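Me: Could you take a close look at one part of this structure with me? I'd like to see how a pair of helices packs together, and then what the cysteines are up to.

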Amino acid sequence: MREIIFDTETTGLSPAGGDRMVEIGCVELINRCETGRTFHAYFNPERSMPSEAEAVHGLGDTFLSDKPMFADSAGQLLDFIGDAPLVAHNATFDFGFLNAELQRCGRDPVCLSRMICTLVLARSRHPGAKHSLDALCTRFGVDRSHRVRHGALLDAQLLAQVYVELTGGRQ
């Protein structure tokens with residue numbers, strides 16, 4: 001079974017409020033094993049980066065100014081994800097931004113029935129524990145020592161390992 005683990009970085013918390021996606025990272029799993037295939041892109045958000053968001057991911061106006069618009073990469077992204085289930089941590093957040101960007105460029109949104117949320121999985125399997133990506137990496141022994149800031153591809157790679165553990169580990 002093919003699944004895509006993904007993460008986004010954004011200008012803020014609300015696509016409805018004008019915040020935009022600035023980075024997406026996707027990791028392909030087949031039968032819960034990473035294949036080595038990834039999709040990664042940065043996007044020009046066509047707005048300034050709030051300092052609070054830049055502090056999280058380190059992506060500023062200068063770096064993003066020459067990046068393509070989301071619409072320029074939407075086709076490649078959709079080709080990569082295909083019809084696979086999409087796994088994200090706090091998936092409603094990432095799906096919200098992905099679908100807002102798709103709609104903004106005249107594309108159909110990704111159906112929410114494809115969404116798998118590792119935050120929901122973690123809460124059901126470990127009630128009362130901490131459920132951040134960092135906490136889950138610690139719980140499952142996933143090395144995140146090279147993670148200084150949030151980054152969509154790096155976080156998707158870490159989440160892929162966490163997801164495998166959350167769903168029973170490698171068989």
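**Where two helices meet**

Reply: Let's start with the contact itself: from α5, the residues T118, L121, A122 and R125 touch L159, Y163 and L166 of α7. Sort the residues of this contact by type and you get five nonpolar, one polar and one charged. Keep in mind that you're looking at a predicted model.

Now for the geometry. Two packed helices are described by the angle between their axes and the distance between the axes. Here, α5 covers residues 118-125 and α7 covers residues 152-166, and they pack at an angle of about 40° with their axes 11 Å apart. Because of that angle, α5 counts as oblique to α7. As for handedness, the α5 and α7 crossing is left-handed.

On to the cysteines. A disulfide is a covalent bond between the sulfur atoms of two cysteines. How many disulfides does a search of the whole structure find? Zero. Take C117: its closest cysteine sulfur belongs to C137 and sits 15 Å away, which is too far for a bond. C117 has 16% relative accessibility, so it counts as buried. C111 has a similar story to tell about bonding: the closest cysteine sulfur, the one in C117, is 16 Å from its own, so that's too far for a bond as well. C111 counts as partly exposed, because its relative accessibility is 47%.

Conventions: Residues are numbered from 1 along each chain as its sequence is written. This is a predicted model: local features need pLDDT of at least 70, side-chain atom pairs count only at pLDDT 80 or more; totals for chains, interfaces and linings use all residues. Side-chain values use heavy atoms; hydrogens and water are left out. Axes are lines fitted to C-alpha atoms, for helices over the stretch in contact, and angles run from 0 to 180 degrees between N-to-C directions. Helices (H or I, at least four residues) and strands (E, at least two) are DSSP runs, numbered from the N terminus. Angles under 35 degrees count as roughly parallel, over 145 as roughly antiparallel, 65 to 115 as roughly perpendicular and the rest as oblique. A crossing is left-handed if the near helix is turned anticlockwise from the far one by less than a right angle, and right-handed if clockwise. Contact means heavy atoms within 4.5 Å. Ala, Val, Leu, Ile, Met, Phe, Trp, Tyr, Cys and Pro count as nonpolar, Asp, Glu, Lys and Arg as charged, and the others, Gly among them, as polar. A disulfide is a pair of cysteine sulfur atoms within 2.5 Å. Buried means under 20% relative accessible area, exposed over 50%, partly exposed in between (1.4 Å probe, protein chains only).
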